[in-house]
Each structure stands twice: as structure tokens, then as C-alpha cells.
Amino acid sequence: MNTIKSYLQENNDRFLSELMALLKVPSISADSAYKNDVIKTADMIVESLEKAGCDKVELCETPGYPIIYAEKIIDKDLPTILVYGHYDVQPPDPIDLWDSPPFEPVIKKTDLHPEGAIFARGSSDDKGQMYMHIKALEYMTSTDQLPCNVKFMIEGEEEVGSESLAWFVPRNVEKLSNDVILISDTGMISNNIPSITTGLRGLSYVEVEVTGPNRDLHSGIYGGAVANPINVLSKMIAELHDENNHITIPGFYDKVEELSSEERAEMAKAPFSLDAYKKSLDIDAVYGEKGFTTNERNSIRPTLDVNGIWGGYTGEGAKTVIASKAYAKISMRLVPHQDWNEITQLFKTHFENIAPEGVKVKVTPHHGGQGYVTPIDNIAYQAASKAYEKTFGKVPIPQRSGGSIPIVALFEQELKSKTILMGFGLNSDAIHSPNEHFGIWNYLKGIETIPWFYKYFTELNS
Ligand code: BES
Ligand code: MN
Ligand code: MN
């Protein structure tokens, strides 16, 4: 197994150039103008899985974008690892804030990445992290060291709610059967402090529309005499939190899992510098729910955030107008036991209730999903922990993340298997933001660590 290091050295340049080629294709699932690019990316993944030594690679049609299924089954009696990842990416906007074009990957050095990082949309989320698995497989098959069976399932709609995957999974339970699901689509604390993600938050995403008068009005002739939908919407949004930053929706916290003081004390042991955190974001203070630390606020507590708000005149100069409508997109991050459908309903009822006279309110639910917690007292976690210890020289810290991969809860429900989240990204990778990047060190470290997980997982299972 020590040869993974030499294999990486020998293939370093090719591993980078192959990933760069993948990053050049704008596989933006949210925007139908990029449909051909999304499909082209799927074809590229198929080819790379074939080259990496899979016996069977299928481009599975769905009502939406295709899902790539691949496998290499060496012995039915050995364990099977199912690797999941996504080949779609977020839209690059706002494009002006990128220092280099989002789909022209370039390598640049940064303070955190003295050996360079690849700057491109999707480099960390998730093309780069997904591709580590394909390269790790290539290493294992080409050196005859694959210790167990492996299946791949790579989708193209993760960033828009995984609808087609939710359709695909229940229809292919037998085909997808596995002993553990392995995903690299999260982060770790830092390159010196490896961590394994043990929790993901759930999500409820809604869009709201506030309608006032039947047309846009002159803000002098009508101003002050009719409800202004933008004023009203702002006020309604402000009302969704109280002075302690608790969410005011009745019933919102009813099912929230409360951690014991022991669990919270354990969490607080994870290395974290509030000063460095503030500095990295250029903020002079953090903000959030009273009674909780920053790391608690962004992992074990539910949240409500406006993701976008619009209405009225936003062009150059000034236009005096009262818009007929105002809109906002709102996400709620949920924690274990909160049901996303129930929360969506609670939001809708509450938002309609707090609307003043003179406006009409419409709440449209978007996608959502349940949260997930990975147990750490099982073979899969132990195998992952040993793998990190082998390649980082340190035992990784279990840490819950604030992000969401809603499909993970569905995997457990449909496939009855647990998921291990071996993410090699950093919070500073700027995923979903301008200048997304992925450290070359992280990319190679991921490829190095994955085969060890295969080995230890197989050994611990026998
Ligand atoms: N890879 C992210 C999720 C993530 C990132 C989890 C970092 C933990 C740490 C994923 O692609 C993502 O962006 N998920 C969305 C939800 C999805 C339904 C659009 C999210 O968390 O906003
Ligand atoms: Mn992702
Ligand atoms: Mn994402």
C-alpha cells in the first residue's frame, strides 16, 4: 500500500490535468442554458470510470439529468462500498467577483495553500472531491490492490435538490445494495487538524411572494396610503427572529434534539479560534442565537436565513415607485428530529398569519430534506478514522457540519446503510462563492487516504 505515495508522484500532473478538463465544462444544473454541458460532463465521468477499471459503467436516464452507475465486483462475499458524488455545480454568479473566469481553472498559491489550489467552480464542490474517488480506484485496480467491491453513483442534480436521484434510488435498491456509503462532499477543520463529518443539517427552502396593489404605483401619489409590499416583506422577515435570535415560528423548536452538557463539552474541545474566524470573514463580531457558541450555531442548531430578496427598482439611478410585489427566498437549516415537511408547513402557516391587511402572501416550498447523524461507534467510522490517522498522522476529530446533503437520509431509509462523510475541503474553499478553489494538497491527500479506508473497512468486516 505504501506505493500509493509513489503512484501519486508519478501521476501527479495527469491527475491535475484530468480534473482541470472536467472543471472546464460548466455543468450548472440550475440553469437550463447549460443542459448540454451538464450532459457532456456526465459522459466524461462515464469515460473516466471505464478507464479507472470499472467492469460495468452505465449512464442511467432519469426524468432529469442522467445518473452514472458503475461497479467493480471482485467477490460477492466481500464487502461493498458505494461511492456517491455529484458532477453538477452551482451557478458562478456574481461573475464580476471572480479573479479568474470560473470555468477556466487556474492554479494559484494562497496562504492556506502554499503548494497551490485549483480555482474554478466545482473544484471543491464536488468535482474535485468526487474525482479523488475515481483516481483512488484507478490506483487500486491498476496495482491490483482493490480489497473489496465498489459501486459508484454520481448524480447531476445535487445542487438543485436531487429530485432524479430520489426517483432513481427506490427503483434500484438491489443494484445499489452496499455495506457502507462513502461520500467526499464536505470539509475538514484544517490541513493540520483532520476531521470527519458526523452530521449534516436538514433543509427546508421556500420562496415567498407578497403582493400589494395590482400594479406598480407612483410612490408620491400613493406612498403612505397603501401597503408597500417591500416594506411589509422586510418587516415580516424581521419578525421571524426575536431579540435573542430565536426563530419565532410557533412549534419550530418542538422536536429539536437538545444535546447534553457532556456532548456540548465534547464539541467544544474541537480546536477553533474565534479571532481567526472573524478575521477570515472580515467581520468585527459574530452573530447568532443567544446561549450557543459559534460552532453550535452552525451545526447543532436550526437556522432561518434569507438567501435572496428582490422587488421594485434596482437599476441605475432612482425611480420613485411602489412595487406591486416583493419576493424572498428563505432557507431553514434543520437538525435531527425536525421533519422538513412539517417545518415547511409551520413556516407557511406562520408567514400567512403574520401578513398584515392590505397584502396577499404566497409561500411556495422548494426542495428540502432531513438531517443526518453518522454514528461513530461502528466499523465504517473506525475504518475512516484509521485511514486518516495513517495519512495525516493524527486521529481525526468527529465534527458535525452545518451544510446539507439531503439525499443521505434517503439513502439510509431506502438502502438501509450508513454514510461516511470523508470530506477533504476547507471552509475557506469558497464553495458556492466567487473564487471557489480546492487545495492541490487536499486533492492528493484525499486520493491517498481513500484506499486506506477500503483496506481497513474490508479488514474490520472480516
Ligand atoms: N457539498 C455541499 C454540502 C456541504 C458542504 C455539506 C460543506 C457540508 C459542508 C452540497 O453540494 C450543497 O451545497 N448542499 C446544499 C443543499 C442542496 C439541497 C442544494 C446546501 O447545503 O446548501
Ligand atoms: Mn456538494
Ligand atoms: Mn453545493
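**A tour of four backbone sites**

At 3% relative accessibility, serine 162 counts as buried, because buried means under 20% relative accessible area. This residue is a suitable place to begin the tour of the model, which is predicted.

**First stop: serine 162.** Select serine 162 and display the backbone around it. The residue sits in the loop that runs between β6 (149-155) and α4 (163-171). Its phi angle is near 55°. That value is positive, and serine 162 is a residue other than glycine.

**Second stop: lysine 416.** Next, select lysine 416, in the loop between α11 (407-415) and β15 (419-421). What is the phi of lysine 416? It is near 55°, again a positive value in a residue other than glycine. Is lysine 416 buried or exposed? Lysine 416 counts as exposed, because its relative accessibility is 67% and exposed means over 50%.

**Third stop: aspartate 93 and proline 94.** Move now to the peptide bond that joins aspartate 93 and proline 94. This bond is cis, with omega at about -5°. To place proline 94 in the fold, colour β3 (80-86) and β4 (106-108): the residue is found in the loop between them.

**Fourth stop: aspartate 125 and aspartate 126.** Finally, select aspartate 125 and aspartate 126. Which form does the peptide bond from aspartate 125 to aspartate 126 take, cis or trans? The bond is cis, and its omega is near 0°. Aspartate 126 belongs to the loop between β5 (117-119) and α3 (127-142).

Conventions
Residues numbered from 1 in each chain as written. Chains lettered and ligands numbered in written order. Predicted model: local features only at pLDDT ≥ 70, side-chain atom pairs only at ≥ 80, totals over all residues. Heavy atoms only, no water. Helix = DSSP H or I, 4+ residues; strand = E, 2+ residues; numbered from the N terminus. Buried < 20%, exposed > 50% of the residue type's maximum accessible area, 1.4 Å probe, protein only.
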